Amino acid sequence: MYRTMNSDDFLPTAEPVARLIQEFHKLPGVGSKTAQRLTYYLVRMPKAESENLAEAILAMKDRTILCSQCQNISEKDPCPICLDPERDVARICILEEPLDVLAIERTHAYKGLYHVLHGAISPINGIGPDELRISELLTRLKGGAVTEVILATNPNLEGEATAMYLHKLISHLVEKVTRLAMGLPIGGDLEYADQITLTRAFEGRQEF
Amino acid sequence: MSTPRLYNTEGLVLRSYPLGETDRIITVFTKTAGKLRVAARGLRKPNSKLAGHLEPLTCTNLTVSRGRTLDVVTGAESRESFYFIKTDLPRLSSAIYLTELVDTINPLESPNPYGYSIYLKGLCALEEESSNVQLILHYMEMHLLIQAGYSPELHQCTECQGKIVEGNHYFDPSHGGVICKACINHQTNFRPVSIGALKVLRFFAKSTLKDSLLLKITQPLQFELRSLMDAYIRYTLDREMLSKAFVRSVSKLEGTVHVPTT
């Protein structure tokens with residue numbers, strides 16, 4: 001028997017299996033049942049496939065770094081986006097997470113550079129400006145080549161707090177600080193929209 | 001008679017955590033049932049009908065369905081979104097701090113209608129453009145502590161019960177209030193307190209928020225009150241409020257009000 005997540009939770013299974021269950025359980029969104037299911041799926045998986053998975057995890061840890069300019073996850077420093085001569089170096093879009101870069105890149109609507117903060121200010125959880133990649137952003141802006149900073153943090157309390165804080169901090173360093181438009185989502189329903197979304201939608205209305 | 005499967009309540013959303021792929025767990029301070037933890041499905045999808053109504057710092061009418069482990073929000077309509085607070089950094093940082101204080105002081109599922117009404121009044125006062133943020137914070141801190149049973153003693157020495165007279169008063173968080181010179185224990189973290197600060201704290205303790213906001217307080221007195229309340233809250237709740245650091249960062253950035261660190 002092997003002791004797992006809780007002191008009163010014994011799994012009558014082999015130690016390596018219980019250990020893997022514990023490791024899966026640490027991942028976000030993975031509960032104890034999901035961790036057990038994933039582990040037993042891997043137990044039944046051919047050894048070559050398991051080795052591929054293990055190798056992929058190790059390669060991801062060994063061969064990825066943060067781009068020293070945009071702080072995005074990359075294989076090379078600077079990353080391909082920062083090196084791309086087609087990109088508009090006068091614009092920087094500020095994002096919370098590396099996944100947000102993928103979301104914006106999928107739109108093909110933006111051709112500037114990025115800066116990834118790796119989180120958002122969440123004072124109630126003890127995450128303040130010092131925990132984010134803000135000093136790297138200030139260094140980039142002090143270079144003087146940037147004319148517009150686009151604040152594209154999430155439209156929630158943490159994202160808004162981060163955007164307002166950054167605006168105060170950088171407004172004297174760049175000509176223009178902009179915020180992504182907010183309003184009604186495609187497929188949304190006006191009657192269910194909250195007051196702030198509707199207010200912002202009216203403020204940001206455009207000529208038809 | 002069986003308990004109804006659905007119930008309606010009014011509440012102020014305190015915080016939320018991601019749950020699974022698109023859900024969230026919401027901590028909401030309700031008017032009738034106290035602080036509750038409920039699940040909200042699909043809240044992280046862009047076209048979620050509930051997301052905007054369940055953002056932290058929103059007063060909302062909730063319809064909740066009883067669940068096995070967590071109750072689930074099935075309907076929400078915001079009553080007040082506190083738009084001005086959410087677009088003004090100093091007010092937002094202060095509101096987040098008050099929210100953390102409310103969350104820390106109130107245990108789960110313990111009805112506290114008075115605490116709810118104080119918190120709501122505080123947020124409404126912060127929403128008013130001309131209101132003094134520092135005064136609101138001091139008043140709210142005092143009344144949130146009083147309703148939780150941590151009222152500081154401000155009239156007589158907490159050691160000898162003697163009347164506090166001018167020029168002979170100190171404040172000691174570990175004693176729960178003021179202390180006279182003769183009773184000072186040099187092992188504890190006592191500090192001198194001015195007669196002005198003592199009078200303001202006494203006034204806050206017995207007055208309404210509306211009356212308290214009429215006070216005119218000098219900046220040195222504000223620093224003193226800030227320092228006293230911080231020390232008292234830290235000792236009483238046995239922890240530093242995490243959002244306090246952000247309030248200080250914002251004050252520094254604004255360059256308006258200096259918030260002391262001790």
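**Reasoning through a predicted two-chain model**

Q: Why are helix 5 of chain B and helix 7 of chain B called roughly perpendicular to each other?

A: In this predicted model, their axes cross at roughly 65°. Angles of 65 to 115 degrees count as roughly perpendicular. Helix 5 of chain B and helix 7 of chain B are therefore roughly perpendicular. Their axes come within 10 Å, and the crossing is right-handed.

Q: What makes up the meeting of helix 5 with helix 7 in chain B?

A: Helix 5 of chain B brings B:Gly196, B:Ala197 and B:Val200. Helix 7 of chain B brings B:Leu221, B:Glu224, B:Leu225 and B:Leu228. Residues in contact have C-beta atoms within 7 Å. The contact divides into five nonpolar residues, one polar and one charged. Gly counts as polar and Glu as charged.

Q: What makes the sheet of chain B a barrel, and what is its strand order?

A: Five strands close up in the order 1-2-3-5-4, with mixed pairing. Neighbouring strands are turned by 50° against each other on average, direction ignored. Helix 2 (residues 89-105) of chain B packs on this sheet and touches strand 1 and strand 2 of chain B. The direction of helix 2 makes about 110° with that of strand 1 of chain B.

Q: How do you know that strand 4 and strand 5 of chain B pair, and in which sense?

A: At least two bridges are needed for a pair. Strand 4 (residues 59-65) and strand 5 (residues 71-80) of chain B have seven, in the antiparallel sense. B:Thr63 stands opposite B:Gly75 in strand 5 of chain B.

Q: Which strands supply the side of domain 1 of chain B that touches domain 2 of chain B?

A: Strand 1 (6-19), strand 2 (23-30) and strand 3 (34-40) of chain B each supply at least two residues. Strand 3 of chain B gives the most, with four residues. In total, 15 residues of domain 1 of chain B are in contact with 15 residues of domain 2 of chain B. The domain 1 side has eight nonpolar, three polar and four charged residues.

Q: Why is one side of strand 6 and of strand 8 of chain A left without a neighbour in the sheet?

A: The sheet is open, with four strands in the order 6-5-7-8 and parallel pairing. Strand 6 (112-116) and strand 8 (176-179) of chain A stand at the edges with a single partner strand each, so one side of each is free of a neighbour in the sheet. The twist averages 25° from one strand to the next.

Q: How do you know that strand 7 and strand 8 of chain A pair?

A: The threshold is at least two bridges. Strand 7 (residues 148-151) and strand 8 of chain A share four, in the parallel sense. A:Leu151 stands opposite A:Arg179 in strand 8 of chain A.

Q: What angle does helix 7 of chain A make with strand 7 of chain A?

A: Helix 7 of chain A runs at about 165° to strand 7 of chain A. Angles over 145 degrees count as roughly antiparallel. Helix 7 also lies across strand 5 (88-95) and strand 8 of chain A.

Q: What does each chain give to the contact between chain A and chain B?

A: Chain A gives 27 residues and chain B gives 27 residues. Helix 7 (157-170) and helix 8 (195-203) of chain A each give two or more. Helix 7 of chain A gives the most to the chain A side, with seven residues. That side divides into 13 nonpolar, ten polar and four charged residues.

Notes:
Residues numbered from 1 in each chain as written. Chains lettered and ligands numbered in written order. Predicted model: local features only at pLDDT ≥ 70, side-chain atom pairs only at ≥ 80, totals over all residues. Contact = placed C-beta atoms within 7 Å. Axes fitted to C-alpha atoms, helices over the stretch in contact; angles between N-to-C directions. Parallel < 35°, antiparallel > 145°, perpendicular 65-115°, else oblique. Left-handed = near helix turned anticlockwise from the far one by under 90°.
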